[in-house]
Each structure stands twice: as C-alpha cells, then as structure tokens.
Amino acid sequence: MAPPPQQQQQPAELMEELVGEILLHLPPDEPEHLFRAALVCKPWLRILCDPAFRRRYRAFHGAPPLLGLLHRRQVLEGDPPARFASTTSMPDFPHPGSDGHRTRPLDCRHGRVLIDMLQERSARYLVWDPTTGDKHFLPAPDMEWLIESAAVLCAVDGCDHLDCHGGPFRVVVMATLEYEDNIVASVYSSESDVWSAQVSFDNSCEAFVKHMRDGRAEISWYTPYLQPRRGTLLADAIYFTVRGFNTIVKYEWGQNCLSMIDSPSPDVYDIALMALEDGSLGFACIEGSSLYLWSRKVNSGGAAEWVQFKVIELATIIPSADSNEGPFVVDLAEDLGVILGAKCNKGPFVVGFAEGVGVIFISTGAGLFTIELKSERVRKVDGPGVYFSVLPYMSFYTPDHGRLLSLARTH
C-alpha cells in the first residue's frame, strides 16, 4: 500500500515561519525594534510573545545585551540619584527609589537589581526585576558593618542565565565590621528565606597586616576596608576588593570560606575585576593613558599567577583620555594614602566591567564610555559624572515582558 501523500504546508504557516526567521535577527540591544514589530499586526505580536520564539531568540543571540546601568559612589561622595540610565533605544525603567526614598544600588546581575533601602528597618534589601516589575524584600543579616558590598545571583541549578526572571536567587553580603577590624560574609537564600552562618577571617587585622608586610609595606596597623565596588562572579565564588594594595577577597559560598589574593598592580587606585571568557579572574587598571588587562592563570607548576594579556592605548580612542579632566576620586584614602598605598586619580579611570559581552567601563571628564575588549570599539553611554563602580543591567527585553503581553493573551 502506497504511503499517503505528504500534506503541503499551508501558505499562512509558511509565511509565519519566514516572519519568525526575519524577526529572529532583530538586534537584542535595540529592543525598540522588537516592540515596533509587535505593533505591525496581531500575527507578529503572537510570534514575538510565543515562548518557543523567545527561547530561539535567546539561544541565537547568546549573552543578554546591556540595557542600562546604575552605579555606586564611595562613602564621602554620597549616594547617586535614583536613576536608571538606559544604554539602548528603550526608555528608562522607573527606579524604585525615584519616589523620594533614599536608596543605594548594590548590584545588577542575572536580570535582577539589588538595592539597599537604607532607611527601611523591616526589609533592608530589595531584589527588583525591572523587566517584569517583580519585587522581593528581605532583611539584612545580623551584623554591624562599617562598609558593605553585595551581589545578587540566580540560584537555579544548570541555568544558562540568558533569561533569569523569577525562580530562586541568592544574595551575598560581604562587609567590614564596625568595631572588629574584620571582614565577614553571609549568603541569603530565597528558598529558605534565611541568612547563612557568617564567616570571617581569624585574627583579621593581624592577618591583613602580615599579608601586606610580605614584600609590600612596613605597617603596624591596618583596617581591611572593603571597597564598595561591584563583585565579580566566577563559578561558586564571588570576588571583592579591599583598600590597600588592591587586595582581593574571595568568598566561596559552597565551602563558606574566605581567602585573600594579591593583585597584579597594587599601586594604582581605580581598578576593576573581570570575569573572562575562559573562566579566569581578570584585573583591569589604567596607568597614564594606557589600559592594562591581566588574567589569573594556573602555571605549569600548578600555582596561580597573574599574566598580562593586553594593553590598550586610550589617548587616541577616548575623548579627554590623555588629559587631567574629570572629577577627583575622593574618599577616606586621601588621609591614609601613605599607609594604604592608595592614589587619588583624575580621569581616565576604570569603573566597571560587563561580563558575557566583554565590555569595560571608562570614566573621563568627557563622560562614561564602554570599550569592547575584543574589537576595542568605543561607545559613549552617559555624560560626565562622579562614577566609582558601574552596575551594568543585562537582560533580554522582549514584548512578552512589556505591556503588549496582555494584548497577545486576548487575541
């Protein structure tokens, strides 16, 4: 018996498939194109809001695009205005602190923003998803700190972090204590709604002094003052920097332990840690008008060492990069500069890194710029300002996350 003839695909189904292929190539870093396409007709709207299309779209484009940024300042500079600066064609997300409440952004990662609510007592932290509007409030860990830094991250096992919306998350807080000259860390789980047992360095002040005396400086006293910079995530560890020779503190939440790492360039002031494509920890700093990039590699003897892998001359690619324009970086290190080995720089200086897209942020008197490390392409993303640590917000922003979703459900 002859097999039945194959049914020919209907023209409407073929057309929808072709439209889907075309829409797949719309750039994710300009989400305005996706929203305009969704307004063309109801069939296009249904395609763009279909979960299968969204999965293909994320897989096709890879790492989420940089949609905008928040930033942190140093203590004496005060908190920045409650403003979410878009770096794409989409409008600014309304910042939760724009209603007059005093807030301090701490981190942007895996589609979420972590905000210190400061004046709130019952719920100190807010985990906010700008694209969906979801908010999760949580208390602070039981510690009295002098200065804190923190990170929010997706806690879904096996997640590729291309579209982290909803689901469990963790918040890691690392801080210098108020009265003990010690650094502590703790992690919050949204699944258990509790903070883990705190971990700290044993005899921290003595440990840091010994660490810095080993071939670095003769000092008799030192407070391990945590820098209020964005942390860098690699595997199951988060890295922050400590003032004084750019010492790096590593916290592994699986082992609940802290350790210290020397930096490759201890005498520069403005630096950024990086999560490199090969899974190694990176380090970026500027000396003169040159951007120096380092990677922490394991050598043939099994020991980890810093390897310089690139130098980018900024004078010819970034406006004012070779001048003394730009705001001074002012903080407590001015009074302790000799003790801590810190310097107060004028621009240009490094203020952050966006993992996944290989973009580093440079601030000068002419504004805030990004440099793509592979192509060395430069782009201005914001005007001049007081920058210390840029918090890049990276996520896919498609019509299913906006107001058009309700239209798709009704047709």
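How many residues lie between E3 and E4 in the hairpin that the two strands form, and which residue in the turn has a positive phi? In this predicted model, the hairpin of E3 and E4 has 2 residues between the strands, and His110 in the turn has a positive phi of about 50 degrees. The sections below begin with this hairpin and its sheet, then turn to other strand pairs, and end with the internal spaces.

His110 is placed in the loop between E3 and E4. Its positive phi, near 50 degrees, occurs in a residue other than glycine. Most residues other than glycine have a negative phi. His110 counts as buried because its relative accessibility is 15%, and the cut-off for burial is under 20%. A second histidine, His161, likewise has a positive phi, in this case near 60 degrees. His161 is found in the loop between E7 and strand E8 (169-177). With a relative accessibility of 28%, His161 counts as partly exposed.

The strands of the hairpin, E3 and strand E4 (residues 112-116), are antiparallel and are joined by 5 bridges. Within this pair, Pro105 has Ile115 of E4 as its bridge partner. Both strands belong to an open sheet of 4 strands, arranged in the order E3-E4-E5-E6 with antiparallel pairing. E3 and strand E6 (135-138) are at the edges and have a single partner strand each, so one side of each is left without a neighbour in the sheet. On average, and with direction ignored, neighbouring strands of the sheet are turned by 20 degrees against each other. Although E3 is an edge strand, E3 is mostly covered, with 6 of its 6 residues buried. At the other end of the order, strand E5 (residues 125-128) and E6 run antiparallel and are joined by 4 bridges. Trp128 is the residue that stands opposite Lys135 in E6.

Another open sheet contains 4 strands in the order E12-E13-E14-E15, again with antiparallel pairing. Its edges are formed by strand E12 (232-234) and strand E15 (257-261), each of which pairs on one side only. From one strand to the next, the twist averages 30 degrees. Inside the sheet, E13 and strand E14 (residues 247-252) are paired in the antiparallel sense through 6 bridges. Val242 has Thr247 of E14 as its bridge partner.

A further antiparallel pair consists of strand E18 (residues 290-298) and E19, which are linked by 9 bridges. In this pair, Arg296 is matched with Trp306 of E19. The two strands form a hairpin with 5 residues between them, and Gly302 in that hairpin takes a positive phi near 90 degrees.

The internal spaces were examined next. Rolling a probe the size of a water molecule over the atoms shows where empty space is left. Across the whole structure, the search finds 3 cavities of 30 Å³ or more. The volume of the largest cavity is about 170 Å³. Its lining comprises 19 residues, of which Arg230, Thr232, Ala272, Leu273 and Gly352 are the closest to the centre. Strands E13 (237-242), E16 (271-275), E20 (349-354) and E24 (389-394) each contribute at least two residues to this lining. E16 gives the most, with 5 residues. Classified by residue type, the lining of the largest cavity has 11 nonpolar, 5 polar and 3 charged residues.

The largest pocket has a volume of about 840 Å³. Its lining consists of 46 residues, and those nearest its centre are Ala275, Phe353, Glu355, Gly356 and Val357. Two or more lining residues come from each of the strands E3 (104-109), E7 (145-154), E19 (304-313) and E24. Among the elements, E24 gives the most to this lining, with 3 residues. The lining of the largest pocket has 24 nonpolar, 9 polar and 13 charged residues.

Finally, an unreviewed UniProt entry places the feature "transmembrane region" at residues 349-371. In the model, the chain over residues 349-371 is 0% helix and 74% strand. The C-alpha atoms at the ends of this stretch are 12 Å apart.

Conventions
Residues numbered from 1 in each chain as written. Predicted model: local features only at pLDDT ≥ 70, side-chain atom pairs only at ≥ 80, totals over all residues. Heavy atoms only, no water. 1 Å grid on protein atoms, 1.4 Å probe; cavity = no way out; pocket = protein on both sides within 12 Å on 5 of 7 lines; lining within 4 Å. Points joined across faces, edges and corners; volume = space filled by probe spheres on them. Nonpolar A, V, L, I, M, F, W, Y, C, P; charged D, E, K, R; others polar. Pairing = 2+ DSSP bridges. Axes fitted to C-alpha atoms, helices over the stretch in contact; angles between N-to-C directions. Buried < 20%, exposed > 50% of the residue type's maximum accessible area, 1.4 Å probe, protein only. UniProt positions renumbered as here; feature names shortened; annotations may be inferred.
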